[in-house]
Amino acid sequence: MPRARGYVLVVRPEPGLSATIAAAQEIGLNAIGYPLSEIRPLDWECPDPGAIDALLIGSANAIRHGGEALERLKDKPVYAVGETTADAAREAGFEIAGVGSGGLQKVLDAIPAPARLLRIAGAEHVPLLPPAGVHIHTVIAYENVALELPEPLRPLHDLGLTVLLHSGAAAEQFDRESRRLALQRDRIELAVIGPRVASSAGKGWRAIHVSPAPNDRALLEMVGNLCL
């Protein structure tokens, strides 16, 4: 497969970083990676399992970092934001009740009432509007801790660079780091997984491209079409 022009920088935390780089290389992109954040678990208290009908999961990190409290909920079905999250839940022993493809709100809208849901989320999470008859209790199981780009990556703008951004937090951190390292923003393009991420990325970039669907495959295919 021919190699794409320029480089693609992946800045999401592990294990997503390695997965995205591998997928990018499979379609011929010159992918490099450095995480701008890392996921750290937080202690959380499990509510009474008898008061919960199902789990609402917007990230595989909720499963990976759910800890001991998650063990009390293994008999609860999971509504997952996408296939990656659903796969993580299956591997952890959960039954999957539903899988979305267009964001967690759409998953929520499709859940029949009445329903009592436990949302296991990160410290940064999108607000949701539950439909009538659906109650959500939210717990915070992990946080995304910002990291700095190392000084040797200062000449990023000389690479013909497209930066992949998978979250609003990543967009804000790359915005800060580009200013700290005095990167030439007008020589860098951003490829973001959704409009909310684009709105967090700041201004002055050569271009901001929004993925046609909020998943890694659609994002990479878009970048592949831009770079070839």
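Reader: Which strands and which helix do the buried residues of helix 5 pack against?

Author: Keep in mind that this is a predicted model. Helix 5 has a set of buried residues, including Ala 170, Phe 174 and Ser 178. Those buried residues pack against strand 1 (7-10), strand 8 (134-146), strand 9 (161-165), strand 10 (189-192) and helix 6 (195-199).

Reader: How far apart are the end C-alpha atoms of helix 5?

Author: Let's work it out from the helix itself. Helix 5 covers residues 168-180, which makes 13 residues, and at 1.5 Å a residue they should span 18 Å. The model agrees with that, because the end C-alpha atoms are 18 Å apart.

Reader: What residue with a positive phi follows helix 5?

Author: Look just past the helix for a phi near 55°. The residue there is Ala 182.

Reader: Which strands stand at the edges of the open six-stranded sheet?

Author: The order of this open sheet is 3-8-7-4-5-6, and its pairing is mixed. An edge strand here has a single partner strand, so one side of it is left without a neighbour in the sheet. Those strands are strand 3 (37-41) and strand 6 (96-99).

Reader: Inside that sheet, what is the bridge partner of Leu 55 in strand 7?

Author: Strand 4 (residues 54-57) and strand 7 (residues 115-122) run parallel, and four bridges join them. In strand 7, the partner of Leu 55 is Leu 118.

Reader: At about what angle does helix 3 run to strand 6?

Author: Helix 3 (residues 83-91) lies across strand 4, strand 5 (78-80) and strand 6. Its angle to strand 6 is about 170°.

Notes: Residues are numbered from 1 along each chain as its sequence is written. This is a predicted model: local features need pLDDT of at least 70, side-chain atom pairs count only at pLDDT 80 or more; totals for chains, interfaces and linings use all residues. Side-chain values use heavy atoms; hydrogens and water are left out. Helices (H or I, at least four residues) and strands (E, at least two) are DSSP runs, numbered from the N terminus. The expected span of a helix is 1.5 Å times one less than its number of residues. Buried means under 20% relative accessible area, exposed over 50%, partly exposed in between (1.4 Å probe, protein chains only). Contact means heavy atoms within 4.5 Å. Two strands pair if DSSP finds at least two bridges between them. Axes are lines fitted to C-alpha atoms, for helices over the stretch in contact, and angles run from 0 to 180 degrees between N-to-C directions.
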